[in-house]
Amino acid sequence: MLAATTRLLVARPLLLPTLRLVRFRSQDSQGSNRSPKPSVKHPDTIFDKIIKKEIHADIIYEDEKCVAFNDVSPQAPVHFLVIPKQKIDKLENSTSGQVEILGHLLHVAGQLGKSKAPKGFRLVINNGDDGCQTVYHIHLHVIGGRQLGWPPG
């Protein structure tokens with residue numbers, strides 16, 4: 001009976017709620033749209049300084065959209081970070097206009113991960129304080145080179 005139930009659950013598609021973001025603009029008395037308020041400027045992080053080449057990093061890959069470099073405190077034989085050159089403070093704050101760069105980061109992480117840890121690797125994105133994010137510039141950890149444990153936290 002359990003096997004039949006399992007097949008039934010696997011065969012049914014998973015339905016997820018659709019997320020729809022709506023932006024509202026206020027209008028002045030002449031009916032024109034006002035400019036949005038400027039966003040708060042976040043101070044430079046260590047990753048901004050690496051991108052600007054103000055501090056050294058062991059860079060293993062760079063293109064016009066991202067930089068990858070070895071972690072200064074590796075947690076496994078292979079541990080590097082992939083960061084966008086465009087600053088996104090947290091994954092939850094990314095916009096639909098940043099989907100392409102997020103996909104690019106995943107692609108680069110996958111290709112570099114395959115070359116540096118051919119038996120497998122883990123991809124981690126920490127988000128927020130409880131997610132152990134310490135640098136508020138989105139970054140992907142690629143960790144491998146040994147058997148990794150589960151659960152990670």
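His139 is buried in this predicted model: its relative accessibility is 5%, and buried means under 20%, so His139 makes the cut. That's a handy place to start, since the unreviewed UniProt entry lists His139 under "active site". From there, we'll look at a surface patch and a hairpin.

**His139 and its surroundings**
- If you want to find His139, look in the loop between β4 (121–124) and β5 (140–144).
- Which residues does His139 touch, leaving out those up to four places away in sequence? They are Phe47, Leu81, Val82, Ile83, Val124 and Ile125.
- Keep in mind that the "active site" label comes from the UniProt record, and that entry is unreviewed.

**A nonpolar patch on the surface**
- Leu106, Phe121 and Leu123 form a nonpolar patch on the surface.
- Together, these three residues have about 240 Å² of accessible area.
- Leu106 sits in helix α3, which covers residues 99–116.
- Is Leu106 buried, partly exposed or exposed? Leu106 counts as partly exposed because its relative accessibility is 46%, and that category lies between the 20% limit for buried and the 50% limit for exposed.

**The β1–β2 hairpin**
- Strand β1 (residues 59–62) pairs with strand β2 (residues 66–70), and the two run in the antiparallel sense.
- How many bridges does this pairing have? There are three bridges between β1 and β2.
- To pick out one bridge, start at Glu62: its partner in β2 is Val67.
- Three residues make up the hairpin connection that takes you from β1 to β2.

Note on methods:
Residues numbered from 1 in each chain as written. Predicted model: local features only at pLDDT ≥ 70, side-chain atom pairs only at ≥ 80, totals over all residues. Heavy atoms only, no water. Pairing = 2+ DSSP bridges. Helix = DSSP H or I, 4+ residues; strand = E, 2+ residues; numbered from the N terminus. Patch = residues over 30% accessible without salt bridge, like charges linked within 9 Å, V, L, I, M, F, W, Y side chains within 5 Å. Areas by Shrake-Rupley, 256 points an atom, 1.4 Å probe, with all protein chains shown as cover. Salt bridge = Lys/Arg side-chain N within 4 Å of Asp/Glu carboxyl O. Buried < 20%, exposed > 50% of the residue type's maximum accessible area, 1.4 Å probe, protein only. UniProt positions renumbered as here; feature names shortened; annotations may be inferred. Contact = heavy atoms within 4.5 Å.
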